[in-house]
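Work through these exercises with the structure open beside you. Try each task before you read its solution.

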Amino acid sequence: MTTAIIAFSRPAFAIRTRARARPRHIHFENAVLLVGATAFYIAVSAYLVFHMHYMIDDAYARIDNTFDVLFTSDPHLAGIGFFWPPLPSFLEIPIIAFKGLWRPLVAQGFAGCIEASLFGAGTVVLLNSGLKWAGVVRGMRWVICLIWMANPMTIIYAAQGMSEAPFIFFFMASILVFLRWSESDRTSLLPLMGVLAGLGCLCRNEAFAVAFLIGVGVIAMAVRRRAGWREIENVALLYGLPTIFVILLWLGSAAIILHDPLYWLHANGFSFLPSNSSAAAIQGSTAAAGTHVSRASAFGVITMKGFTNAASFIVGHSLALFPGVVAMLALLAVRLLTRQNRLGTLMLVAFGLSIPALDMYIIQSGLGPYLRYQISVIPFAFLIAVFVLRAIRGKYGLVSSWVALGIAAVLGVSNIMTAQTLANPAIAGEEAPLLTALQAGKNVPDATGIRNKILIGADITPRILALDKDGGRILCDSTTCFPIILNAPQPTQFVVTSDRIFEAAAAAPQNYGIEYFLVPALNGQGAFERLNTLYPKLWEDGAGFATLVGGVDGDPMGQWRLYRITGPTGRL
């Protein structure tokens, strides 16, 4: 009822009259940008994947999440998992469904590249629309959009099937809608804003902070307009209910399936967990087997104790990635001095700083040292540009033109500094191999010796399957064996972690027709692989219930071993 009263408070005939009077037209400019940017990003993706042999391993793991929904021995939607926010993997489902027509969609992870390219192109359209709203002329709009597209960090992650491209899209979209609503007070923008903020939370955990602060901003704006408490309640509900509904699609599913709506907070095993947690038990079991590697080091997680150290690391990474944000923040400071829309300015700053602030908190418990975790600094700088240009729109024609040109110059120079940062392996461990290879005129494996999971899987999978001469069913933990599953001609031959019988079959394999266990070496992440934690002596000697069939080298983690089950495991 509240929604209907607010949204349809005027007579229906007035709405119909206004609709007839509004000319219908297609935004050809945005259509051209969308098609052109999509073609550009897909071309870059093809070059990186097929020629440079470059794909970040997490991007390939996302393909496995989607693959588990459709093509394993137990396909079901919950197989997408609850470890990572599910939307990027979920949106890959209709693309991966066509793997029969083109195998590289799965085998080389190109389905994720297509999804990321579409979101990357969508972000270009969002930026152009925001600049148009800010009153920037078409030529300058296209220059700034090209600067965005030329940023090496946005190029890389618009060509990787990870969470960065959709997260940036929803981050920019939700804040742009907030800025438009704060100026126009159009009620219809509130539910849209809520849906966009909620979808952002389904892409990256840090987006929860942004969604919360947008809600605070909506209420603060209503209070500033001297709205009554009923109107404040209405605007809060119009934003909050869609946000909560979208988020509950994920957390509610986790509550129903796992009986733990906050599973994602501790699923990684080293953050937000008490010392007597299951992760500690896992670490203890592997140590008993003679492996003295910590879970944090195995998964590349670092810890910065103390706020000063955490702030120095996160802020340092953010400024190294895109130093132009400092100049953009300086423009916002000038805007505050003009006493115009100070609340909107402060909220924009809060939105942009919320993610680094959350990272400062998380890294004190454990966070990967990946530069992509600070990628939000780039869209934040461009959002400030839109906000500032909107403020001077139409007031001082010559001044606004020079400001737009100056902003474009700052953003362009920052792109060059971004490239320099990405070439530094001490800061950009995931991105530096690509720039090194580009400078050497070689592909990544030839230039650096680094092989991604795609190449590793293509190499070892045929040799592992050759050991299984009778085509028996193989059980393995897909957190480590996913490159093998994605390259297997018959993936249903494997029982993997997402299968509902996995735990029972791991405990009593003969009861479920499992003939083989496939286990990695007790190195790195392999030390925390499920079978190695259940049976600490399995990889070494078969743990008394299995016989070694053979081993396959070629994975940097160490030798994979295939064991034939010859007796009961003793767990039942």
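**Exercise 1.** Is aspartate 185 buried, partly exposed or exposed?

*Solution.* Start with the status of the model: it is predicted. Next, locate the residue. Aspartate 185 sits in the loop between helix 11 and helix 12. Then take its relative accessibility, which is 34%. The cut-offs are under 20% for buried and over 50% for exposed. The value of 34% lies in between, so aspartate 185 counts as partly exposed.

Now look at the backbone. Most residues other than glycine have a negative phi. Aspartate 185 has a positive phi, near 60 degrees, and is not a glycine.

**Exercise 2.** Find where alanine 543 lies, then classify its exposure.

*Solution.* Step one is the location: alanine 543 is in the loop between helix 29 (538-541) and strand 4 (546-552). Step two is the area. The relative accessible area of alanine 543 is 30%, so this residue is partly exposed. Step three is the backbone. Phi of alanine 543 is positive, about 60 degrees, although the residue is not a glycine.

**Exercise 3.** Describe helix 14 and the residue just after it.

*Solution.* Begin with the extent: helix 14 covers residues 229-258. Then look for a bend. Helix 14 has a kink of about 45 degrees, centred on leucine 248. Finally, step past the end of the helix. Histidine 259 comes just after helix 14 and takes a positive phi of about 60 degrees.

**Exercise 4.** Which residues does methionine 140 contact, leaving aside its neighbours within four places in sequence?

*Solution.* First, place the residue: methionine 140 belongs to helix 9 (residues 138-150). Second, check its exposure. Its relative accessibility is 15%, and the limit for buried is under 20%, so methionine 140 counts as buried. Third, list the contacts. With those neighbours left aside, methionine 140 touches Ala404, Leu405 and Ala408. Last, take a distance. Asparagine 128 is twelve residues from methionine 140 along the chain, and their C-alpha atoms are 9.9 Å apart.

**Exercise 5.** Is glycine 366 buried or exposed?

*Solution.* Glycine 366 is in the loop between helix 20 (342-362) and helix 21 (377-391). Its relative accessibility is 4%, so glycine 366 counts as buried. Now compare sequence with space. Glycine 300 is 66 residues away from glycine 366 in sequence, yet the C-alpha to C-alpha distance is 9.5 Å.

**Exercise 6.** How many cavities of 30 Å³ or more does the structure hold, and what lines the largest cavity?

*Solution.* Count: there are three cavities of 30 Å³ or more. Size: the largest cavity has a volume of about 80 Å³. Lining: its residues include Tyr41, Trp148, Met153 and Ile375. Helix 10 gives the most to this lining, with three residues. Character: the lining of the largest cavity has eight nonpolar residues, three polar and no charged.

Repeat for the second largest cavity. Its volume is about 60 Å³. Among its lining residues are Phe167, Phe170 and Phe171. Helix 11, helix 12 (189-201) and helix 13 (207-224) each give two or more residues to this lining. Nine of the lining residues are nonpolar, two are polar and none is charged.

**Exercise 7.** Summarise the whole chain.

*Solution.* Count the elements: the protein chain has 29 helices and five strands. Then check burial: 53% of its 572 residues count as buried. End with the surface. The chain exposes about 24,700 Å², with 65% supplied by carbon and sulfur atoms.

Methods:
Residues are numbered from 1 along each chain as its sequence is written. This is a predicted model: local features need pLDDT of at least 70, side-chain atom pairs count only at pLDDT 80 or more; totals for chains, interfaces and linings use all residues. Side-chain values use heavy atoms; hydrogens and water are left out. The bend at a residue is the angle between axes fitted to the seven residues ending there and the seven starting there. Helices (H or I, at least four residues) and strands (E, at least two) are DSSP runs, numbered from the N terminus. Buried means under 20% relative accessible area, exposed over 50%, partly exposed in between (1.4 Å probe, protein chains only). Accessible areas come from the Shrake-Rupley method with a 1.4 Å probe; for residues, only the protein chains shown count as cover. On a 1 Å grid over the protein atoms alone, a cavity is a set of points where a 1.4 Å probe fits but cannot get out, and a pocket is an open set with protein on both sides within 12 Å along at least five of seven lines; lining residues have an atom within 4 Å of a point. Grid points are joined across faces, edges and corners, and a volume is the space filled by probe spheres set on the points. Ala, Val, Leu, Ile, Met, Phe, Trp, Tyr, Cys and Pro count as nonpolar, Asp, Glu, Lys and Arg as charged, and the others, Gly among them, as polar. Contact means heavy atoms within 4.5 Å.
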